[in-house]
Every structure is written in C-alpha cells, then in structure tokens.
Amino acid sequence: MKVGDLVRWKGCWGKVGTGSPGIVLETKPTKPPYGEEPKTAVLAYIRECPNPEWFHENELEVINDRW
C-alpha cells in the first residue's frame, strides 16, 4: 500500500467492497511486539469519516484496479 492508492475500508457496514473509495495520504511502519514483523499504518481520507484517519493496513482494501 502506498500514497495515492485508492482504498475502501473493510469495516464499512461489515462487508468488503462497500462504501465510498478513499485515498491513502501517508504510510508509516508500526512498532510490533517483540518477534513480530512490522506492518503498515495508513493515513487515509475516506468519505464516511469526517477527517483523515489512521488505519492498520489489514483494515483497508486497495481498489486501484477497479477504477
């Protein structure tokens, strides 16, 4: 996942692929517990949210190829 990707929030109404698309504004590595691999935190603007919010990469679905 990178800045500029189009995404959807997987938690939106409990179904993947529903809701308005959003855009990734920033990414940064997370600080995992000892022994786990780093993941990515994603700052995204999604229309359902009034302001950009931070998500874990697993909460978002990249939809670049659909648009």
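# Briefing: a five-stranded open sheet

The chain forms an open sheet of 5 strands in the order E4-E3-E2-E1-E5, and the pairing is antiparallel. Strand E4 (53-56) and strand E5 (60-62) are the edge strands, each pairing on one side only. Neighbouring strands are turned by 45 degrees against each other on average, direction ignored. This is a predicted model. The chain has 67 residues, and 25% of them count as buried.

**Overall make-up**

- The secondary structure comes to 0 helices and 5 strands.
- Along the sequence, the pattern reads β-β-β-β-β.
- In general, the strands of a sheet pair through backbone hydrogen bonds, in either a parallel or an antiparallel way.

**Strand E1 and its two partners**

- Strand E1 covers residues 6-9 and pairs with E5 in the antiparallel sense over 3 bridges.
- Valine 7 has valine 62 in E5 as its bridge partner.
- Arginine 8 stands opposite glutamate 61, also a residue of E5.
- E1 pairs with E2 as well, again in the antiparallel sense, over 2 bridges.
- Here leucine 6 has isoleucine 23 in E2 as its bridge partner.

**Strands E3 and E4**

- E3 and E4 pair in the antiparallel sense over 4 bridges.
- A hairpin of 6 residues joins E3 to E4.
- Alanine 41 stands opposite histidine 56 in E4.
- Glutamate 48 sits in the loop between strand E3 (40-46) and E4.
- Glutamate 48 has a relative accessibility of 33%, so it counts as partly exposed; the class lies between 20% and 50%.
- Proline 21 is 27 residues from glutamate 48 in sequence, yet their C-alpha atoms are 9.2 Å apart in space.

**The aromatic pair**

- The structure holds 1 aromatic pair.
- Its members are tryptophan 9 and phenylalanine 55, with ring centres 6.1 Å apart.
- The planes stand at 55 degrees to each other, and the pair is tilted.
- Tryptophan 9 belongs to strand E1 and phenylalanine 55 to strand E4, so the pair ties together parts that are 46 residues apart in sequence.
- The two residues fall into separate burial classes: tryptophan 9 is partly exposed at 29% relative accessibility, whereas phenylalanine 55 is buried at 6%.
- Phenylalanine 55 counts as buried because its 6% is under the 20% cut-off.

**The loop between E4 and E5**

- Glutamate 59 is placed in the loop between E4 and E5.
- With a relative accessible area of 35%, glutamate 59 is partly exposed.
- Glutamate 59 and tryptophan 9 are 50 residues apart in sequence.
- In space, the C-alpha atoms of glutamate 59 and tryptophan 9 are 6.0 Å apart.

**Salt bridge**

- The count comes to 1 salt bridge.
- It joins the side chains of aspartate 5 and lysine 2, at 3.1 Å from N to O.
- Aspartate 5 has a relative accessible area of 5%, so it is buried.

**Nonpolar surface patch**

- Ile23, Leu25 and Tyr45 form a nonpolar patch on the surface.
- Together these three residues have about 230 Å² of accessible area.
- Isoleucine 23 lies in strand E2, which spans residues 22-29.
- Isoleucine 23 is partly exposed, with a relative accessible area of 32%.
- Isoleucine 23 can join a patch because its 32% is over the 30% relative accessible area that patch residues need.
- Isoleucine 23 therefore plays two parts: it is a member of the nonpolar patch, and it is the bridge partner of leucine 6.

**Points to locate in the structure**

- Which residue in E5 is the bridge partner of valine 7? Look for valine 62.
- Which strands form the edges of the sheet? They are E4 and E5.
- Is aspartate 5 buried or exposed? Aspartate 5 is buried, at 5% relative accessible area.

Definitions and conventions:
Residues numbered from 1 in each chain as written. Predicted model: local features only at pLDDT ≥ 70, side-chain atom pairs only at ≥ 80, totals over all residues. Heavy atoms only, no water. Patch = residues over 30% accessible without salt bridge, like charges linked within 9 Å, V, L, I, M, F, W, Y side chains within 5 Å. Areas by Shrake-Rupley, 256 points an atom, 1.4 Å probe, with all protein chains shown as cover. Salt bridge = Lys/Arg side-chain N within 4 Å of Asp/Glu carboxyl O. Buried < 20%, exposed > 50% of the residue type's maximum accessible area, 1.4 Å probe, protein only. Pairing = 2+ DSSP bridges. Axes fitted to C-alpha atoms, helices over the stretch in contact; angles between N-to-C directions. Phe/Tyr/Trp six-rings, centres within 6.5 Å; stacked < 30°, edge-to-face > 60°.
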